[in-house]
Amino acid sequence: RGWPRERRGDRCRRDLADPAERDTPTARIAERWGFTSAAHFSRLFQKSFGLSPREYRAAALRPAPLPISPGQV
């Protein structure tokens, strides 16, 4: 029971971080991978990854800062 749930959670995490899925509701992504309750999915996701699905998506899709070379500081 644990391993399949972990795999489904990893798939959800991947989709939440995918810019192409930016407009797909979190509940739809959870449902796609077999989670029938958005609230249950959210609790499991937070327990597994330390962030809510919404927080994870926001962090994953945040633009990365531009690198600064040593001579530019």
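# A guided reading of a four-helix chain

Among contacts in the protein chain between residues at least 6 apart in sequence, 53% join residues at least 24 apart. That figure belongs to a predicted model, and the paragraphs below follow some of the contacts within it. The secondary structure consists of four helices and zero strands, so that, read from the N terminus, the elements follow the order α-α-α-α. The chain has 73 residues, of which 23% count as buried. Its exposed surface comes to about 5,500 Å², and carbon and sulfur atoms supply 54% of that area.

The aromatic side chains offer a good place to begin. Four aromatic pairs are found in a search of the whole structure. In one of them, Phe45 and Phe49, the ring centres are 4.6 Å apart and the planes stand at 50°, so this pair is classed as tilted. Both residues belong to helix α3, where they are four residues apart, about one turn of the helix. Is each of these two rings buried or partly exposed? Phe45 has a relative accessible area of 2% and is buried, whereas Phe49, at 27%, counts as partly exposed.

Phe45 also takes part in a pair with Tyr56, which is edge-to-face, with 5.6 Å from centre to centre and 65° between the planes. Because Phe45 lies in helix α3 and Tyr56 in helix α4, this pair ties together parts that are 11 residues apart in sequence. Tyr56 counts as buried, at 18% relative accessibility, since the limit for that class is under 20%. Phe45, Phe49 and Tyr56 join Phe35 and Phe41 in one aromatic cluster. A charged residue meets this cluster as well: Arg8 lies over the face of Phe35, at 4.4 Å from the ring centre.

Between helices α3 and α4 there is a loop, and Ser52 is found in it. Ser52 has a relative accessibility of 14% and therefore counts as buried. Leaving aside neighbours within four places in sequence, Ser52 is in contact with Phe45 and Gln46. Phe45 thus appears both in the aromatic cluster and among the contacts of this loop residue.

Helix α4 covers residues 53-61 and includes Arg57. Is Arg57 buried or exposed? At 12% relative accessibility, Arg57 counts as buried. Its contacts, apart from neighbours within four places in sequence, are Leu16, Glu21, Arg22, Thr24, Pro25, Thr26 and Ile29. With one of these residues there is a polar approach: a polar atom of the Arg57 side chain lies 3.0 Å from the backbone oxygen of Glu21. The C-alpha atom of Arg57 is also separated by 9.5 Å from that of Arg14, although these residues are 43 apart along the chain. Another residue of helix α4 is Ala60, which is partly exposed, with a relative accessible area of 34%. Ala60 and Pro19 are 41 residues apart in sequence, yet their C-alpha atoms are 9.0 Å apart in space.

The charged side chains complete the tour. Side chains of opposite charge can pair when their charged atoms come close. Five salt bridges are found in the whole structure. One of them joins the side chains of Arg13 and Asp10, with a distance of 3.3 Å from N to O. Both residues lie in helix α1, which spans residues 2-16, and they are three residues apart, about one turn of the helix. Arg13 is partly exposed at 28%, and Asp10 is partly exposed at 35%.

A second salt bridge links Asp15 with Arg14, where the closest N and O atoms are 3.5 Å apart. Asp15 counts as buried, at 6% relative accessibility, while Arg14 is partly exposed, with a relative accessible area of 47%. In a further salt bridge, Glu21 is joined to Arg32, and the closest N and O atoms are 3.2 Å apart. This pair links distant parts of the chain, since Glu21 lies in the loop between α1 and α2 and Arg32 in helix α2, 11 residues apart. Glu21 counts as buried at 16%, and Arg32 is partly exposed at 32%. Through salt bridges that share partners, Arg14, Asp15, Glu21 and Arg32 are joined into one network. Glu21 therefore belongs to this network and is buried, at 16% relative accessibility; its backbone oxygen also lies 3.0 Å from a polar side-chain atom of Arg57.

Notes: Residues are numbered from 1 along each chain as its sequence is written. This is a predicted model: local features need pLDDT of at least 70, side-chain atom pairs count only at pLDDT 80 or more; totals for chains, interfaces and linings use all residues. Side-chain values use heavy atoms; hydrogens and water are left out. Helices (H or I, at least four residues) and strands (E, at least two) are DSSP runs, numbered from the N terminus. Buried means under 20% relative accessible area, exposed over 50%, partly exposed in between (1.4 Å probe, protein chains only). Contact means heavy atoms within 4.5 Å. A polar contact is a pair of N or O atoms within 3.5 Å; within protein, one must be able to donate a hydrogen and the other to accept it, and residues adjacent in sequence count only if both atoms are side-chain atoms. Accessible areas come from the Shrake-Rupley method with a 1.4 Å probe; for residues, only the protein chains shown count as cover. A salt bridge is a side-chain nitrogen of Lys or Arg within 4 Å of a carboxyl oxygen of Asp or Glu. Rings of Phe, Tyr and Trp (its six-membered ring) pair if their centres lie within 6.5 Å; planes under 30 degrees apart count as stacked, over 60 as edge-to-face and the rest as tilted. A charge sits over a ring if NZ of Lys or CZ of Arg is within 6 Å of the ring centre and within 35 degrees of the ring normal.
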